[in-house]
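Thank you all for coming this morning. Please take a moment with the sequence and the structure before I begin, and then I will walk through a few places in it.

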Amino acid sequence: MENKKNVVGLAGRIAGEVEKQPDIYGASNLSRLYLEIERKSGSRQDSDRVIVIYGQEAEATPGQLVDGACVMVMGEMQTYKEVPGGRIVVFVLAEYVGVVSEQVEQQNGVYLEGIVARKPIHRTTPKGRKITEVSVKVPSAFTEGYFSFIPTICWGSDAEAAAEYQEGTGIALEGRLQSREYTKRLDGAEVAFTAYEVSAQHIEKRI
């Protein structure tokens, strides 16, 4: 993989049918799938469902990417803004997607080097857990000179350290890609949404 500063490795099961993906910043003939990956932690949520987007050249097993298939994905974290609507989509741009044996252990790993895009947001949950939200700026895979902004959550001592970062700080992190359900009141009704973000297991400054 050429860009060693932005690496994602996943193994899980395709959830639903593969869809045609609208063009992203001029890139066409793309497909989208949802990959369901079991969580190894003791969380109340037992799996994450993440978005994978890829071109034909990334398909290692053409015709086999179907609902329920076990696949391995290698790629990088990216974002794009939907038109219309303006929603920011967080996804894995795959360089490799291939069907594997059901015996392959499910995996979810992310490594990023980037820049803090804005002052991190630090808070404490009602249960006393410390959390810091960091927007990590990484080069766009679609347009030179443009960037993707990856939402990242840090916990515990990492959250305390990240709370001191400033806009422009260089960082490196390791973690996993997660999905999180939440509700928002719109026009008087509760509407369900899904947030996609990196949950950092370790984060540090880079000189």
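Let me start with cysteine 154, which counts as buried because its relative accessibility is 0%, and the cut-off for that word is under 20%. I should say straight away that this is a predicted model, so please hear each value as computed from that model. Cysteine 70 is buried too, with a relative accessible area of 9%, and the structure holds zero disulfides.

From there I would like to move to the strands. Strand S5 covers residues 70-81, and because nine of its twelve residues are buried, this strand is largely enclosed by the rest of the structure. Which strands pair with S5? Strand S1, residues 6-14, runs antiparallel to S5 and is joined to it by six bridges, while S6 also pairs with S5 in the antiparallel sense, over eleven bridges. In the first of these pairings, leucine 10 has valine 73 of S5 as its bridge partner, and in the second, lysine 81 stands opposite isoleucine 88 in S6. The hairpin of S5 and S6 has six residues between the strands, and there glycine 85 takes a positive phi near 110°.

Leucine 10 and Val73 come back when we turn to the largest nonpolar core, which has 45 residues, since both are listed with Leu35, Val52 and Met77 as having the most contacts inside it. Strand S6, residues 88-99, gives the most to this core, with seven residues. If you look around leucine 10 itself, you will find that it touches, among others, Leu35, Ile37, Val50, Val92 and Asn108, leaving aside residues up to four places away in sequence.

Finally, the charged residues. Side chains of opposite charge can pair when their charged atoms come close. How many salt bridges are there? The count comes to seven, and one of them joins arginine 39 to aspartate 48, with the closest N and O atoms 2.7 Å apart. Arginine 39 is buried at a relative accessible area of 16%, and aspartate 48 is buried as well, at 1%. These two residues are also linked with Arg176 in a network of salt bridges.

Another salt bridge brings together the side chains of arginine 180 and glutamate 197, at 2.8 Å from N to O. This pair links distant parts of the chain, with arginine 180 in strand S11 and glutamate 197 in strand S12, 17 residues apart. Here arginine 180 is partly exposed, at 35% relative accessibility, whereas glutamate 197 is buried, at 5%.

Technical notes. Residues numbered from 1 in each chain as written. Predicted model: local features only at pLDDT ≥ 70, side-chain atom pairs only at ≥ 80, totals over all residues. Heavy atoms only, no water. Core = buried A, V, L, I, M, F, W, Y, C linked by side-chain atoms within 4.5 Å. Buried < 20%, exposed > 50% of the residue type's maximum accessible area, 1.4 Å probe, protein only. Helix = DSSP H or I, 4+ residues; strand = E, 2+ residues; numbered from the N terminus. Contact = heavy atoms within 4.5 Å. Pairing = 2+ DSSP bridges. Disulfide = S-S within 2.5 Å. Salt bridge = Lys/Arg side-chain N within 4 Å of Asp/Glu carboxyl O.
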